[in-house]
Amino acid sequence: WNLDCRRNVAVVIGSEATGIDAELLSRCDLMVSIPMLGTINSLNAAVAAGIMLHEIRRQQFSVV
């Protein structure tokens with residue numbers, strides 16, 4: 001809920017089966033997860049990417 005996306009960001013989405021490679025993850029500045037409610041504990045990669053990209057763009061436009 002507290003992610004600040006108003007700066008330049010790069011998004012790395014892991015595969016649904018294996019996630020993100022440990023070497024690549026070690027190069028990332030920050031790791032985030034999407035808050036989930038109820039019994040669902042994961043999303044497919046395309047849905048997760050869509051949610052993250054929407055939030056990044058929403059925050060970037062709210063600065064203007």
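Helices here are DSSP runs of at least four residues, numbered from the N terminus. With that in hand, the overall picture of this predicted model is easy to sketch: the protein has two helices and zero strands. Its C-alpha atoms fill a box of roughly 40 × 30 × 20 Å along the principal axes. Of the 64 residues, 11% are buried. The protein exposes about 5,500 Å², and carbon and sulfur atoms supply 56% of that area. As for how the chain meets itself, take the contacts between residues at least 6 apart in sequence: 59% of them join residues at least 24 apart.

A good place to zoom in is Q59, which sits in helix α2. Q59 counts as buried because its relative accessibility is 9%, and the cut-off for buried is under 20%. What does Q59 touch, leaving aside residues up to four places away in sequence? The list is L3, D4, C5 and R6. With C5 there is a polar detail to look at: a polar atom of the Q59 side chain lies 2.5 Å from the backbone nitrogen of C5. C5 is itself buried, since its relative accessibility is 1%.

C5 also brings up the matter of cysteines. The structure holds zero disulfides. C5 is in none, and the nearest cysteine sulfur, that of C28, is 14 Å away. Likewise, C28 is in no disulfide, with the sulfur of C5 as its nearest cysteine sulfur at 14 Å. A disulfide needs the two sulfur atoms within 2.5 Å, so a gap of 14 Å rules out this pair. C28 counts as partly exposed, because its relative accessibility is 28%.

Next come the charged side chains. Side chains of opposite charge can pair when their charged atoms come close. How many salt bridges turn up in a search of the whole structure? The search finds three. One of them links D4 with R6, two of the residues that Q59 touches. In this pair the closest N and O atoms are 2.9 Å apart. D4 is partly exposed, as its relative accessibility is 35%, while R6 reaches 53% and therefore counts as exposed.

Another salt bridge joins the side chains of E23 and R27, at 3.7 Å from N to O. Are these two residues buried or exposed? E23 is exposed, with a relative accessible area of 51%, and R27 is exposed too, at 63% relative accessibility. The cut-off for exposed is over 50%, so E23 passes with its 51%.

The remaining salt bridge goes back to helix α2, where E55 pairs with R58 and the closest N and O atoms are 2.7 Å apart. Helix α2 covers residues 45-63, and E55 and R58 lie three residues apart in it, about one turn of the helix. E55 is partly exposed, with a relative accessible area of 24%. R58 is also partly exposed, at 44%.

Finally, there is a nonpolar patch on the surface. M36, I40, L43, V47 and I51 make up this patch, which measures about 370 Å². Among them, I51 is found in helix α2, the helix that also holds Q59. I51 counts as partly exposed because its relative accessibility is 36%.

Notes
Residues are numbered from 1 along each chain as its sequence is written. This is a predicted model: local features need pLDDT of at least 70, side-chain atom pairs count only at pLDDT 80 or more; totals for chains, interfaces and linings use all residues. Side-chain values use heavy atoms; hydrogens and water are left out. A salt bridge is a side-chain nitrogen of Lys or Arg within 4 Å of a carboxyl oxygen of Asp or Glu. Buried means under 20% relative accessible area, exposed over 50%, partly exposed in between (1.4 Å probe, protein chains only). A polar contact is a pair of N or O atoms within 3.5 Å; within protein, one must be able to donate a hydrogen and the other to accept it, and residues adjacent in sequence count only if both atoms are side-chain atoms. Contact means heavy atoms within 4.5 Å. Patches are made of residues with over 30% relative accessible area and no salt bridge: like charges are joined within 9 Å, nonpolar side chains (Val, Leu, Ile, Met, Phe, Trp, Tyr) within 5 Å. Accessible areas come from the Shrake-Rupley method with a 1.4 Å probe; for residues, only the protein chains shown count as cover.
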